[in-house]
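Here is a short report for a reader new to this structure. It starts at the ligand and then turns to the strands and helices.

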Amino acid sequence: MSYTATNNRETMGFQAEVKQLLQLMIHSLYSNREIFLRELISNAADASDKLRFEALHNASLFENDSELNIRISYDKEARTLSIADNGIGMSRDEVINNLGTIAKSGTREFFSRLSGDQQKDANLIGQFGVGFYSGFIVAEKMVVTTRRAGEKSDQGVRWESDGGGEFAIEMVDKATRGTEIVLHLREGQDDLLSGQKIRSIIRKYSDHIVQPILMKKEEWKDGAQQMLEEDETINQAFALWARAKNEITEDEYKEFYKHVGHDYQDPLAWTHARVEGKQEYTQLLYIPSRAPFDMWERDAIHGVKLYVRRVFIMDDAEQLMPRYMRFVRGVVDSSDLPLNVSREILQESKDIEAIRSGCTKKVLGLLEDLAKNDQEKYTKFWGEFGRVLKEGIGEDFTNKDKIAGLLRLASTHTDTTDETVSLDDYIVRMKEGQDKIYYITADSFNAAKNSPHLEVFRKKGIEVLLLTDRVDEWVVSNLAEFKDKPLVSVAKGGLNLGKLEDEAEKKENENVANELKDLTGKISASLGERVKEVRVTHRLTDSPACLVADEHDMNANLARMLKSAGQKAPTSKPILEINPKHPVVLRLKIEEKRFDDWASVLFDQALLAEGGQLDDPASFVKRVNLLMLEMSSN
Ligand code: ADP
């Protein structure tokens with residue numbers, strides 16, 4: 001193909017991250033170089049989908065050519081390979097934006113995480129997605145010529161780059177709409193200039209593409225390969241999700257995932273079903289094996305595409321999945337929705353609600369199945385997406401119990417950071433007479449694990465869940481019980497171990513509390529406004545004191561979290577609980593002169609032990625030194 005340039009060539013620099021991405025890609029993906037074709041065909045297919053969708057409202061965009069296809073050709077002499085589509089095409093601005101910058105949120109941050117270690121970085125790139133720039137793995141120069149559907153023929157744009165720091169751009173004439181990408185192959189890539197080789201790559205990676213992928217037929221004649229005028233279709237050219245499950249191979253499912261998920265790695269698991277009944281739709285939903293780098297970005301894309309009777313309607317259809325399942329990728333193809341459905345309509349549509357609820361259940365079912373039958377995979381899933389799934393406990397009232405069953409948490413059972421304990425496991429291990437699920441929240445694993453609040457539980461061998469994700473506070477405030485067992489914080493309210501204590505123990509505790517009434521009153525008077533109450537506890541075995549929140553007050557960890565996030569938190573005063581058997585407490589009984597200092601240190605150390613911050617650390621240090629000196633001179 002030739003184009004007339006209109007002498008308006010401009011050279012521009014790539015965004016810094018693009019340069020980095022190019023370098024990284026060329027080096028780290030070299031051993032997997034064939035994937036460039038998959039990526040470019042995948043983009044061509046998306047461009048065709050977009051055109052078909054826009055043409056629903058404006059048929060003139062078809063320009064009398066509504067047969068969308070992708071053409072692959074090669075030229076042995078010129079050593080080029082070309083991928084052409086008659087899809088939506090790009091305007092000049094779109095070319096500059098799409099092929100000169102990376103328009104993903106969090107890109108800069110992602111690149112700042114690269115270490116320079118090629119092995120590690122190569123791993124990260126999978127999370128980022130490779131896309132168009134992967135052409136440079138095999139090409140020393142890429143030339144893109146494109147025209148947006150509906151624009152005049154002189155509005156073609158040519159983009160050209162050798163993958164260094166710059167690209168050139170100029171306006172050209174282009175009769176047909178769509179995009180053609182010509183790869184000028186690097187030295188040593190000549191094996192790609194073979195019809196047989198290209199066909200085998202297409203069948204391996206792009207068989208599932210819906211549009212026909214066409215190549216010129218070839219035949220052997222006079223001892224050489226001759227190219228004929230006639231086209232042949234290389235792929236199946238049929239929507240994969242609309243095919244029968246038993247006719248689809250694992251590899252086909254995996255390759256399709258890479259296309260819809262814009263991922264470079266295999267998916268972890270998927271579910272494919274045709275739903276009949278009031279709403280008819282097909283769902284093919286995947287769980288990625290790695291979290292995308294931008295999962296925590298507010299505007300990160302939702303990965304489920306909506307089709308209506310095999311016509312692509314939209315990407316990023318956030319209405320199809322709840323927020324806490326934003327990691328799911330795939331396709332929903334509805335038989336009932338109108339083709340002209342818009343985001344606004346989706347928002348209110350009862351049909352979409354039914355589809356969302358069906359898809360949500362399906363994914364939860366898939367996760368339950370993994371948890372039961374493939375622990376290794378489930379552990380991997382949990383490590384990548386557990387924190388997102390936890391959001392569902394507060395977001396999805398209908399499925400709360402199911403989600404709760406999928407939680408994996410750390411606990412005193414193993415005392416490691418591994419999140420492997422399910423609430424069901426916990427219940428199985430409950431002590432005789434135990435009717436509650438105990439947990440502690442803290443802002444670090446060590447603070448949770450070593451918390452004084454756990455002492456009596458450890459002594460009695462009662463398991464406590466150690467919750468240290470920020471989102472855990474949200475989980476427990478929305479999950480009052482699991483299978484009729486209330487979830488109870490060990491740092492809140494009076495300790496009532498119920499049947500886990502015998503009557504004699506209870507009686508003795510009461511007596512001790514009565515004996516120490518004077519002391520608790522005196523400490524309370526000394527601490528004044530800092531505490532709500534001072535009382536004797538038997539939850540401690542080794543520590544002299546701890547702080548607890550009153551039954552209906554916000555717990556201290558959550559209050560600290562809110563404050564550090566700049567939000568308002570109610571300032572409820574804690575209750576100081578003292579250990580009647582501890583030598584420091586016994587000593588306090590006879591202290592007179594320095595009583596206030598002792599009481600203050602007791603309070604401050606309890607606050608420190610639970611991860612709190614002292615209002616006046618210097619005074620605490622002074623008091624501790626003073627008391628230490630006094631002790632040593634006695
Ligand atoms: P991604 O496909 O993940 O968005 P790419 O780097 O592969 O990233 O492509 C960047 C953008 O360039 C695409 O999102 C699309 O808007 C545009 N683009 C790429 N190839 C084509 C094409 N063949 N036709 C139209 N637009 C394209």
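## Polar contacts with the ligand

A polar contact is a pair of N or O atoms within 3.5 Å. The model is predicted. Which side chains come that close to the ligand? In Asn98, a polar side-chain atom lies 3.2 Å from an oxygen atom of the ligand. For Asn43, the distance from a polar side-chain atom to a ligand oxygen is 2.8 Å. Thr179 has a side-chain N or O atom 3.2 Å from a nitrogen atom of the ligand. On its own, the ligand has 530 Å² of accessible area, and the protein covers 80% of it.

## The shell around the ligand

The residues that surround the ligand are Asn43, Ala44, Ala47, Lys50, Asp85, Met90, Asn98, Gly131, Phe132, Thr179 and His262. By type, the shell holds four nonpolar, five polar and two charged residues.

Which element gives the largest share of this shell? Helix 2, residues 35-57, does, with four residues.

## The open sheet

Nine strands make up an open sheet. Their order is 1-6-5-4-7-3-2-8-9, and the pairing is mixed. Strand 1 (10-13) and strand 9 (224-233) stand at the edges. Each has a single partner strand, so one side of each is left without a neighbour in the sheet. On average, neighbouring strands are turned by 25° against each other, direction ignored.

Strands of a sheet pair through backbone hydrogen bonds, in either a parallel or an antiparallel way. Strand 4 (residues 139-147) and strand 7 (residues 178-185) are antiparallel, with eight bridges. Thr145 stands opposite Glu180 of strand 7.

## Helices on the sheet

Helix 3 (residues 92-100) packs on the sheet. This helix touches strand 1, strand 4, strand 5 (156-161) and strand 6 (166-172). The direction of helix 3 makes about 160° with that of strand 6.

Helix 6 (residues 195-205) also packs on the sheet. It touches strand 2 (70-75), strand 3 (80-85), strand 8 (213-221) and strand 9. The direction of helix 6 makes about 145° with that of strand 8.

## A hairpin

Strand 10 (residues 267-275) and strand 11 (residues 281-288) pair in the antiparallel sense, over eight bridges. Pro267 stands opposite Pro288 in strand 11.

How many residues lie between strand 10 and strand 11 in the hairpin? There are five. In the turn, Gly277 has a positive phi of about 125°.

Conventions. Residues are numbered from 1 along each chain as its sequence is written. This is a predicted model: local features need pLDDT of at least 70, side-chain atom pairs count only at pLDDT 80 or more; totals for chains, interfaces and linings use all residues. Side-chain values use heavy atoms; hydrogens and water are left out. A residue is near a molecule or strand if one of its heavy atoms lies within 4 Å of it. A polar contact is a pair of N or O atoms within 3.5 Å; within protein, one must be able to donate a hydrogen and the other to accept it, and residues adjacent in sequence count only if both atoms are side-chain atoms. Accessible areas come from the Shrake-Rupley method with a 1.4 Å probe; for residues, only the protein chains shown count as cover. Helices (H or I, at least four residues) and strands (E, at least two) are DSSP runs, numbered from the N terminus. Ala, Val, Leu, Ile, Met, Phe, Trp, Tyr, Cys and Pro count as nonpolar, Asp, Glu, Lys and Arg as charged, and the others, Gly among them, as polar. Two strands pair if DSSP finds at least two bridges between them. Axes are lines fitted to C-alpha atoms, for helices over the stretch in contact, and angles run from 0 to 180 degrees between N-to-C directions. Contact means heavy atoms within 4.5 Å.
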